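Open the model in your viewer and keep the sequence panel beside it. We will go from stop to stop, with something to select at each one.

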Amino acid sequence: MSWERNIVLKSPAEIELMKQAGHINALALAEVRKNIRPGVTTAKLDKIAETLIRDHGATPAFLNYPGPFPYPATLNTSINEEMVHGIPGKRELKDGDIFSVDCGTVYKGFVGDSAFTVGIGKISKAAQKLIDVTEEALRLGIEKMRAGNHIGDVSSVIQEWVEGNGYHVPREYSGHGVGRQMHEGPQMPNYGTAGTGLLLKPGITIALEPMVLVGTHRTKVLKDQWTVASADGSLTAHFEHTVAVTEGDPLILTV
Ligand code: MG
Ligand code: MG
C-alpha cells in the first residue's frame, strides 16, 4: 500500500482534537519519564502509561496494532541497540542504558504519537551525544514543516544533520501521516532531497520521527518479530512529535 494515496487534510477543529489526543499522550510519556530508573521493568512503565491514558478516557493506540501478531502493549520500549517497536516485559533498565519510549493515544477518534530517548543513570559521553543529535534532528525537521516546503526539505535537513555528525538514518522506517489512523499518508522518510516530494499544505499532520544509528543505516528485526535493532548492535536513539502544518508556524500537537 502506498501511504501517499492516503493523505487526509485536517480542519482546524480536527487539529484541535488531535491536540487533545497529543496532550494525553504527552502526559503519559511524562508519567513514564518520572518513573524511569535503574531496576524498573519496562512492563511496569507500560502499565503506568496505559493507566494514565485510560484515566483520561482515551485508549492506547499501539495495543493490538496489526503486525506479525497483534501488538501486545501500550508502549514501545527499546533499549540500547534496539531502535523501535521493543515490547515491554520483565527486562529491567540498568545504569548506563539508553532507553527509547514511544507511545500512541487515541482520543475522540484521533491519534497522538510521540517518543523520546533518555539515558539511565550515568551514560557515556558518546551515548549522550547520540541522544542530543537525535533530539536536535527532530527540532530541525519540525522547523521545516511549513506550507510551501516539500517532504524532501524536512527529510534532507534531518539526514544532513545526522550524517554530518557521523551517524546514520534507517531506510526502512519513516515518519508518517497521522490522524484518525496511526499510519496515514504521506510517508516522511529521515533521508531525502530538498525540493522534492509532496508539497506541504495547511492541514497535513505528520508524526515526524528521526531514528538515528551510530554504526550503520542497516537494521534487523529481532526474534520476538516486533523489535527493530541496528544490524551491527550499535546504539540507536529516537525522538518523535506529531506536528501540524498550518498557515503559519509548525504546530506541535504532542505537548
Ligand atoms: Mg511513535
Ligand atoms: Mg510514529
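A residue is called buried when its relative accessible area is under 20%, exposed when it is over 50%, and partly exposed in between. Keep in mind as you go that this is a predicted model.

**First stop: His85.** Select His85, which sits in the loop between strand S3 (82–84) and S4. Its relative accessible area is 25%, so His85 counts as partly exposed. Now look at the backbone: phi of His85 is near 70 degrees, a positive value in a residue other than glycine.

**Second stop: the S4–S5 hairpin.** From His85, move along to strand S4 (residues 98–107) and show it together with S5; 10 bridges join these two strands, which run antiparallel. For one rung of this ladder, pick Thr105, whose bridge partner in S5 is Gly112. Strands of a sheet pair through backbone hydrogen bonds, and you may like to switch on the hydrogen-bond display here.

S4 and S5 make a hairpin with two residues between them. Click on Lys108 in that turn: this residue has a phi near 50 degrees, again positive although it is not a glycine. Is Lys108 buried or exposed? With a relative accessible area of 51%, Lys108 is exposed.

Now colour strand S5 (residues 110–119) by accessibility. Nine of its 10 residues are buried, so strand S5 is largely enclosed by the rest of the structure.

**Third stop: Pro72.** Go back along the chain to Pro72, in the loop between strand S1 (59–60) and strand S2 (75–79). This proline is partly exposed, at a relative accessible area of 45%. Which residues does Pro72 touch, not counting those up to four places away in sequence? They are Leu63 and Ile87. For a sense of distance, draw a line from the C-alpha of Pro72 to that of Glu143: the two residues are 71 positions apart in sequence and 34 Å apart in space.

**Fourth stop: a five-stranded sheet.** Select S7, S6, S8, S13 and S14, which form an open sheet in the order S7-S6-S8-S13-S14 with antiparallel pairing. Its edges are strand S7 (184–188) and strand S14 (251–252), each of which pairs on one side only.

Within the sheet, zoom in on strand S8 (residues 205–208) and strand S13 (residues 241–244), an antiparallel pair with four bridges. Thr205 stands opposite Ala244 in S13.

Then slide over to the edge strand S7, where you will find Pro186. The peptide bond between Gly185 and Pro186 is cis, with omega at about -5 degrees.

**Last stop: the whole chain.** Zoom out and switch to a cartoon view. In total the chain has four helices and 14 strands. Its radius of gyration is 17 Å, close to the 18 Å that the globule rule gives for 255 residues, so the chain is as compact as a globular protein of that length. Along the principal axes, the C-alpha atoms fill a box of roughly 45 × 45 × 30 Å.

Finally, turn on the surface. The chain exposes about 10800 Å², and carbon and sulfur atoms supply 53% of that area. Of the 255 residues, 52% count as buried. If you colour by charge, look for 25 positive and 29 negative side chains; the centres of the two sets lie 3 Å apart.

Terms used. Residues numbered from 1 in each chain as written. Chains lettered and ligands numbered in written order. Predicted model: local features only at pLDDT ≥ 70, side-chain atom pairs only at ≥ 80, totals over all residues. Heavy atoms only, no water. Rg over C-alpha atoms; globule rule 2.2 N^0.38 Å. Buried < 20%, exposed > 50% of the residue type's maximum accessible area, 1.4 Å probe, protein only. Areas by Shrake-Rupley, 256 points an atom, 1.4 Å probe, with all protein chains shown as cover. Lys, Arg positive; Asp, Glu negative; His and termini not counted. Charge placed at Lys NZ, Arg CZ, Asp CG, Glu CD. Pairing = 2+ DSSP bridges. Contact = heavy atoms within 4.5 Å.
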